[in-house]
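I opened this notebook to follow salt bridges and one helix pair through the model, and to keep each finding with the place where I looked it up.

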Amino acid sequence: MSLSEVREREDKGQTNRVREKSSRSLAHIIRANVFNRFNALLGALAIVVLVFDSPRDALFGLVLVFNTLIGIVQEWRAKRTLDRLSILTAPLARVVRDGVVREIPREEIVLDDLIEVGPGDQILVDGSVVASEGLEVDESLLTGESVPVPKEPGAGVWSGSFVSGGRGRFRATAVGEEVYAQKLASQARRFTLVSSELRKASDTILRYITWIMVPVASVFVASQLLTHFSLREAVISSVAGLVGMVPEGLILLTSLVFAVSAAALARRNVLVQELPAVEGLARVDVVCLDKTGTLTEGTLFLQEVRYLGDERWTRDALGALIRNLPDRNATLSALHEAFPHAEGWELASVVPFSSERKWSAVEFQGRGTWVLGAPEILLAKACEAGGEGARELSAEVEELARRGLRVLMLARTDERLREGGDLPRDLRPMALLSFVEKIRPDAPRTLAYFREQGVGIKVISGDNPLTVADVALRVGVPGAEEPVDARGLPTTREEMAAVLEERSVFGRVVPEQKREMVLALQGRGHVVAMTGDGVNDTLALKEADLGIAMGSGAPSTKAVAQLVLLDGKFSTLPRVVAEGRRVMANMERVANLFLTKTVYVALLALVISLARWPFPLLPRHITLVGSLTIGIPAFILSFTPSRRRYRPGLLRRVMLFSLPAGVIATSATFTAVAMAHSNRIPDGEVRTTAVIVLTCVGLAVLAHLSRPIYTWKGGLTAVMGGAFAGILFLPWFRNFFQLFLPSLPVLVQALGIAAVHVLLLELAVRYVGRRGETGLTPASDD
């Protein structure tokens, strides 16, 4: 295609530009942070308070605006960071224009472009194949069928599939919004809210709160209208109760923490393609690692060649074979440097390398068929044919593999290559080629971290099991002394899972087996992370709970992974896991704080209604207590470091803490109000007494969630307590919040009530903690 034809199609809009974004737009971020059910409710209540001429009681509206602005700014900053990284990792297309192959962004592909593809490349648009050199396409993301599909000229290819072997060219027949499965093709570039326990727990909590709020609010508002002589006072008291029931900061902080964590990881060259993947980091208890490119640097050096036939002929055959194979992997790159091109070898046909076959072959006119592949596979065929010395060679291969060398065999046969890609018969071994891989210097340290954190390690590789075991031993994988040949693995998932639980190192694993291994581990209740960099890892990455691709890996791996290590540094993974655990541990604290407030305000509203008393708190009091015991501390705690390991059952633990804590806070406040009424003190002092007692219990809840208290987090609780004391004793703040210091006897009684209930809270938390129902015992934290 000429450049003038390209411009003509661009003018007609026949390009591959689509509406999909790498993350939410600014307008979407603003809408999500501003227009939600709780903002609507609190905003309406703020307007009601202003209408009744009580602006100080509308203070919660300013807090609402402040929280919303923080959410918008932080998520916008995170979006900009992620967008920049998405551009850097977006796949490029190789197109032929004016007879020259050019690399262009996928958005610049136009209709009828001639596109060149090779192993690992993502098919970015629909098209028709015009040239094929053993081209095979993995369409599993579209059809679920894992077997690669051979593509001859005239065959169709579709976006969302990947080249698993060979090379070829195809002409674009559909671009942009018209391509088949366009959403699948760009899955990794969309802002998605994938399933997560944290979001599910938040949604469940909000659903329960909504159900409870409606009847409680109805009874409460009716009682306040009957109790107060003034409509204004009744409305203000009703607003105070309703505002307190809303956990407005919980959802804000959940989204905000995800976004900020993604931005923090981005600064470490980790691209988070789906924000809730940050949470998945904490839940992982098994990491499946590919050897090449993960434990090793991915580069190979040819260390030794043992010729089993005519050396000169074999060297020429290797030089010709390497230059006629369409694949370009680390093995062929090492051979390319070692063997020069040989003249006079005319190509007849070729079978490119496949992870499924584990061999590649080239047939030459008048010189036979030469096969390069895994020795076990080729020797098995040689043994079938009665090849001499095959068993002795097997022992030699095992010895080389035991020394940590990666071994390939070159074999020859006079038989022609078959159309189905079956391995030829009558193979005669011609050479053994030994390669050495360099261990990543950070691999032993990284795996030691995983062992300390109780994360299981499984090394899954297509190489010889002994070679894999040697590498695994050098980096410190437990159980590496007993490698497993995956060709003998059970076919049922339950039996396979039993082997996976006992063993750690697996060799000769084909792509479909990698996927089945991930599914088998998940069937045993494990949360599985999978790392990989090759097209043969794509299926397993897609099925894993957390797919982690290397930045230098194939486009297919980066497209289906939730995380991409842009600099390819394996040592980044501990920081990645630590970030996930920090998010989960801190969000559990935050959820406990917000839900405790909702419980005590709802229960207090109910018991006050039954007692037919005026609600003892004004909206400004709810804002004051909530800010000092929940809002400000929750915001700070949500971004603090934490090494606490994740445990399933987040919602159950939150409920088991929040319900008793809320009941105790309600009991303390109601008892204090009853005591104040019995002393016949003015309404202002009654409210102040309730505020003092509720704040003391709220600070006790905060102290429990901030353990160990002999750290800066204990200091945070002390600072919040000091701030409350300052507000209580400084006249300007006391007047602003409409607080009235009670008499000394009433103050002593109030503090006594608070002390008794703080003790009850301590006993309740310890009782639940001893039963192992919460993660809130002092020794369980950081």
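Before starting, I set down the cut-off on which my burial entries rest: a residue is buried when its relative accessible area is under 20%. I also note that the model is predicted.

Entry 1, the overall search. I searched the whole structure for salt bridges and found 28. I then took several of them in turn.

Entry 2, Asp 463 and Lys 291. I looked up the salt bridge between Asp 463 and Lys 291 and found its closest N and O atoms 2.7 Å apart. Asp 463 sits in the loop between β16 (456–460) and α17 (465–475), while Lys 291 belongs to helix α11 (residues 291–295), so this salt bridge ties together parts that lie 172 residues apart in sequence. Are the two partners buried or exposed? Asp 463 has a relative accessible area of 6% and is therefore buried, and Lys 291, at 0% relative accessibility, counts as buried too.

Entry 3, Arg 97 and Asp 113. Here I read 2.6 Å between the closest N and O atoms of the salt bridge. Because Arg 97 is part of strand β1 (residues 92–97) and Asp 113 is in the loop between β2 (100–105) and β3 (114–117), the pair joins parts 16 residues apart in sequence. I recorded both Arg 97 and Asp 113 as buried.

Entry 4, Arg 653 and Glu 588. The side chains of these two residues form a salt bridge at 2.9 Å, N to O. I placed Arg 653 in helix α24 (residues 650–678) and Glu 588 in helix α22 (residues 572–611), 65 residues apart, and noted that the pair links distant parts of the chain. Arg 653 and Glu 588 are both buried.

Entry 5, a network. I also found a network of salt bridges that links Arg 493, Glu 512, Arg 515, Glu 516 and Glu 543.

Entry 6, helices α25 and α26. I turned to the packing of helix α25 (residues 683–705) against helix α26 (residues 712–729), where the angle is about 170 degrees and the axes are 10 Å apart. Since angles over 145 degrees count as roughly antiparallel, I entered α25 and α26 as roughly antiparallel to each other. Which residues meet across this pair? From α25 I listed Thr 688, Val 691, Ile 692, Thr 695, Leu 699, Leu 702 and Ala 703, and from α26 Thr 717, Met 720, Gly 721, Phe 724 and Leu 728. Sorted by type, the residues of this contact are 8 nonpolar and 4 polar, with no charged residue among them.

Conventions
Residues are numbered from 1 along each chain as its sequence is written. This is a predicted model: local features need pLDDT of at least 70, side-chain atom pairs count only at pLDDT 80 or more; totals for chains, interfaces and linings use all residues. Side-chain values use heavy atoms; hydrogens and water are left out. Helices (H or I, at least four residues) and strands (E, at least two) are DSSP runs, numbered from the N terminus. Buried means under 20% relative accessible area, exposed over 50%, partly exposed in between (1.4 Å probe, protein chains only). Axes are lines fitted to C-alpha atoms, for helices over the stretch in contact, and angles run from 0 to 180 degrees between N-to-C directions. Angles under 35 degrees count as roughly parallel, over 145 as roughly antiparallel, 65 to 115 as roughly perpendicular and the rest as oblique. Contact means heavy atoms within 4.5 Å. Ala, Val, Leu, Ile, Met, Phe, Trp, Tyr, Cys and Pro count as nonpolar, Asp, Glu, Lys and Arg as charged, and the others, Gly among them, as polar.
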